[in-house]
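Here are a few exercises to work through with the viewer open. Try each one yourself before reading the solution.

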Amino acid sequence: GSVVVLISPSHLLALINIPGLMVVLGGTLCAVMLSKPQHKVLQLLRELPDILKGQGVDFHGRAEFKQLLRCAHLYRSSKLRVLEQEIQLAQQPLLRKGVQLILDRCSLDDVNNILRKERARLLVVNQEKAQILRLMSSYAPAFGMLGTLLGMIHMLYGLGDVGLDEVGVTMGFALLTTLYGLVVANLMCKPLAIKLEKRTAEHAAHLNVLLEGLAMMYEKTHPLVIRDMLEAHGIPVDQSSVPKKVSKSRLSKLLPLAASHVD
């Protein structure tokens, strides 16, 4: 659009076609609402500004991994009462559910199966939003072409009653709907879908590492080993979040810190 404006700035108003834009946007929304539940489409439209700003997926990786290390330390030290208090502060549902299942003495297979289903439930919401955006990017060019065909039909019916100048204006007016369809698909819907898919993939990788850490916690793996696993995944962890082997007197001082809220 900006290239066209630079090429012919005198014809800027000629790029405005309100009926054609309504055909593209209205047709695309109607088709998507017939394909997907209406409440999900409306929710996506409300959240488009947040997705544009990169706020479609919200997770705090480092804070959650620090809390995982503290929970692993408390569980390995058999400080179950303190661990129960610690996990009540967790805002990550997967971490909270996983630690609770471990405290309930579920088998490792049951813990893994339940957490995988919980992981899928957390990711499916944003996956559906990305799918809706992909559908919109496929519908918009089709309705742009539909608007162009309608304009050409209208032009052909009146071809014998108008001059060549008016034919050219009508043809350009009709072709603008194709332009709008391409712009909506390739400058709005597809980029937003790709952005949301990338953030969802990052969230999925984050949850996968949490699942691996919870499995190691179940086996009472030392927190230092869990920290090494996190660092192997490229996640920087604060060294002070992993208590080392110390005397009982120092351990008693560290436990209140382990139960403190996540920064």
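**Exercise 1.** Which residues does Val 99 touch, not counting residues up to four places away in sequence?

*Solution.* Keep in mind that you're working on a predicted model. Start at Val 99 and skip the residues up to four places away in sequence: that leaves Cys 71, Leu 83, Ile 87, Leu 214 and Met 217. Next, ask where this puts Val 99 in the bigger picture. The largest nonpolar core has 32 residues, and Val 99 is among those that touch the most other members, along with Leu 83, Leu 95, Leu 214 and Met 217. Then see who contributes: H4 (61-76), H5, H6 (93-103), H7 (108-157), H8 and H9 (223-232) each give two or more residues to this core. H8 gives the most, with eight residues. Finally, look elsewhere: another core, of 18 residues, lies apart from this one, and Val 24, Tyr 180, Val 184 and Leu 192 are among its members.

**Exercise 2.** Work out which residues of helix H5 (residues 80-87) are buried, and how they sit around the axis.

*Solution.* First pick out the buried residues of H5, which are Leu 83, Glu 86 and Ile 87. They span an arc of only 90° around the axis, so they sit on the same side of H5. Now flip to the face turned away from that buried side, and you'll find the exposed residues Arg 81 and Gln 85.

**Exercise 3.** Is Tyr 218 buried or partly exposed? Track down its contacts too.

*Solution.* Begin with the location: Tyr 218 lies in helix H8 (residues 164-218). Its relative accessible area is 23%; buried would mean under 20%, so Tyr 218 counts as partly exposed. For contacts, leave aside neighbours within four places in sequence, and Tyr 218 is left with Tyr 75, Ile 102, Cys 106, Ser 107, Leu 108 and Val 111. For a distance check, take the C-alpha atoms of Tyr 218 and Gly 98: they are 9.4 Å from each other, though the two residues are 120 apart along the chain.

**Exercise 4.** Zoom out: how many helices and strands does the protein have, and what percentage of its residues count as buried?

*Solution.* Count the elements and you get 10 helices and zero strands. Next, burial: 36% of the 263 residues count as buried. Then the surface: about 15,200 Å² is exposed, with 62% of it supplied by carbon and sulfur atoms. Last, contact range: among contacts between residues at least 6 apart in sequence, 77% join residues at least 24 apart.

Conventions
Residues numbered from 1 in each chain as written. Predicted model: local features only at pLDDT ≥ 70, side-chain atom pairs only at ≥ 80, totals over all residues. Heavy atoms only, no water. Helix = DSSP H or I, 4+ residues; strand = E, 2+ residues; numbered from the N terminus. Buried < 20%, exposed > 50% of the residue type's maximum accessible area, 1.4 Å probe, protein only. Contact = heavy atoms within 4.5 Å. Areas by Shrake-Rupley, 256 points an atom, 1.4 Å probe, with all protein chains shown as cover. Arc of directions from axis to C-beta. Core = buried A, V, L, I, M, F, W, Y, C linked by side-chain atoms within 4.5 Å.
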